[in-house]
Amino acid sequence: MSKLRILSTYLQFRNRLFTSRKKLEAYQQKKLKKHLAFVTEKSAFYRKYKGHELKDFPMIDKGIMMENFDTINTVGIKKEEALEFAVNAERTREFGDKLKNITVGLSSGTSHSRGAFLVEKTETEKWAGFVLAKFLPHGILGKYKIAFFMRANSNLYQSVGSKNIRFEFYDIYADMDKNIEKLEKNGADILVAQPSALLMIAAALDEKKINIHPETVISIAEVLEKEDEERIKKSFGTDVIHQVYQCTEGCLATTCKYGTLHLNEDIVFIEKEYIDKNRFIPIITDFERTSQPIIRYRLNDVLVEKKEKCRCGSACTALEKIEGREDDVFIFHGEEKEIKIFPDFIRRCILFSGNISDYRIVQQADGSISIYADIDDKMKEKVTGEFKKLAEDNGFKLPEIRFEKYAYDKNRKLKRVERVS
């Protein structure tokens with residue numbers, strides 16, 4: 001591990017702030033030109049696009065990436081060997097090894113289709129420097145205990161460790177009560193976890209089962225719902241829950257000091273496929289990924305752009321929220337056409353009904369709605385009433401609604417709103 005490269009990247013991004021959109025875009029074009037020249041030289045899949053502009057490159061997604069895995073990557077790793085290596089690491093829960101000196105991870109995300117991702121040493125070091133620049137409250141010379149809740153203890157995350165930065169991994173597949181006991185013993189200055197884990201830790205704090213006071217709390221991996229964010233803030237006694245919007249395709253957004261989520265447009269170029277005035281699907285090109293190039297990669301996420309500029313002054317796009325997956329938009333039957341309802345409006349049916357802390361709303365393949373929540377009959381009537389109002393306001397026929405007992409499955413990401421296709 002090159003500590004010098006980590007430090008160099010840290011210093012590069014620690015105080016960088018593009019306040020001019022024009023200067024940001026000029027910087028992006030310079031980075032794009034250099035990156036595309038490298039990719040078209042090293043990747044067999046992209047070789048025929050040498051000398052072309054970004055708009056001439058094909059748009060890809062996870063399916064195309066995995067189908068062409070062998071020719072897209074620049075390090076000579078085959079798809080089958082990458083998947084076998086990654087699956088074995090997941091089974092054994094041993095994540096320190098590398099394949100041909102490359103970090104290999106398994107990606108399932110919330111789209112349920114299995115994939116593999118590759119990250120080489122230089123990329124790991126740059127990633128580490130960038131993350132440290134964004135989230136160390138007192139700079140790199142301070143001392144920190146970082147508690148990291150993840151399903152896989154990849155050496156990609158371990159790379160942030162150093163003499164004064166102690167990194168402790170917590171396996172979310174392990175018993176959560178034991179994890180909380182371990183967290184109480186070790187303490188944490190920075191706590192990094194998915195919202196589902198943060199909610200469990202928040203409950204332990206409320207019940208006086210644990211006494212920790214992290215200076216920074218960071219939400220990762222799952223969509224952070226507004227109501228969950230407020231619960232976590234209250235339990236931890238903090239004004240800001242930071243977020244990292246990261247997937248296997250790159251670190252796409254991080255929060256500023258005011259808690260606003262900004263696209264990391266200084267390390268990724270993002271084309272916006274608008275669904276409506278404020279919602280868009282991101283199509284990403286990562287300047288730094290060389291082992292497995294990410295060029296015009298269309299994600300399946302719906303992002304909501306913030307209308308007003310953030311007071312931090314950054315020219316990078318500010319987000320109101322990450323709404324969820326494109327395929328989690330509910331589809332209903334109207335008089336003459338299908339009616340699509342975004343997840344945010346589905347969540348409001350719960351929010352407007354009263355104090356319901358834990359829930360999941362699933363539109364089944366037959367169009368019916370299953371609501372998983374431990375609520376009484378009176379509350380069920382309120383929720384049903386909100387759905388009836390939603391149907392009337394948007395002109396669709398309300399399908400059957402069924403209420404079920406709520407249960408959290410730690411083997412999958414928490415999704416409050418989901419459509420089963």
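This passage describes one helix, the salt bridges, a cavity and a strand residue in a predicted model.

Helix α6 covers residues 121-135 and therefore has 15 residues, and the distance from its first C-alpha to its last is 21 Å, close to the 21 Å expected at 1.5 Å a residue, where the expected span is 1.5 Å times one less than the number of residues. At the N-terminal end of α6, E120 acts as a cap, with a side-chain oxygen that lies 3.2 Å from the backbone nitrogen of T122. The buried residues of α6 include the aromatic side chains of W127, F130 and F135, and E123, T124 and E125 are also among them. The list of buried residues in this helix is completed by A128, G129, L132 and A133.

One of these buried residues, E125, also takes part in a salt bridge. Side chains of opposite charge can pair when their charged atoms come close. In the model as a whole, the count of salt bridges comes to 33. In one of them, R5 pairs with E125, and the closest N and O atoms are 2.5 Å apart. Because R5 lies in helix α1 (residues 3-14) and E125 lies in helix α6, this pair ties together parts that are 120 residues apart in sequence. The two partners have unlike surroundings, since R5 counts as partly exposed at 31% relative accessibility, whereas E125 counts as buried at 0%, a value under the 20% cut-off for buried residues.

A second salt bridge joins R347 to E225, again with the closest N and O atoms 2.5 Å apart. This pair links distant parts of the chain, with R347 in helix α11 (residues 343-351) and E225 in the loop between β6 (216-219) and α10 (226-236), at a separation of 122 residues. Both R347 and E225 are buried.

A salt bridge within a single helix is found between E230 and K226, where the closest N and O atoms are 3.9 Å apart. The two residues both lie in helix α10 and are 4 residues apart, which is about one turn of the helix. E230 is partly exposed, with a relative accessible area of 39%, while K226 is exposed, with a relative accessible area of 52%, a value over the 50% cut-off. Salt bridges that share partners join K226 and E230 with E229 and K233 into one network.

Empty space inside the model was also examined. Rolling a probe the size of a water molecule over the atoms shows where empty space is left. A search of the whole structure finds 2 cavities of 30 Å³ or more, and the second largest cavity holds about 30 Å³ of space. The lining of this second largest cavity is formed by K145, I146, A147, R166, E168, N186, G187 and A188. The elements that give two or more residues to this lining are β3 (144-150) and β4 (165-171), and β3 gives the most, with 3 residues. By class, the lining of the second largest cavity has 3 nonpolar, 2 polar and 3 charged residues.

Finally, T285 is found in strand β11, which covers residues 279-286. T285 is buried, with a relative accessible area of 0%, and the side chain of T285 reaches the backbone nitrogen of R296 at 3.0 Å.

Note on methods. Residues are numbered from 1 along each chain as its sequence is written. This is a predicted model: local features need pLDDT of at least 70, side-chain atom pairs count only at pLDDT 80 or more; totals for chains, interfaces and linings use all residues. Side-chain values use heavy atoms; hydrogens and water are left out. Buried means under 20% relative accessible area, exposed over 50%, partly exposed in between (1.4 Å probe, protein chains only). A polar contact is a pair of N or O atoms within 3.5 Å; within protein, one must be able to donate a hydrogen and the other to accept it, and residues adjacent in sequence count only if both atoms are side-chain atoms. On a 1 Å grid over the protein atoms alone, a cavity is a set of points where a 1.4 Å probe fits but cannot get out, and a pocket is an open set with protein on both sides within 12 Å along at least five of seven lines; lining residues have an atom within 4 Å of a point. Grid points are joined across faces, edges and corners, and a volume is the space filled by probe spheres set on the points. Ala, Val, Leu, Ile, Met, Phe, Trp, Tyr, Cys and Pro count as nonpolar, Asp, Glu, Lys and Arg as charged, and the others, Gly among them, as polar. A salt bridge is a side-chain nitrogen of Lys or Arg within 4 Å of a carboxyl oxygen of Asp or Glu.
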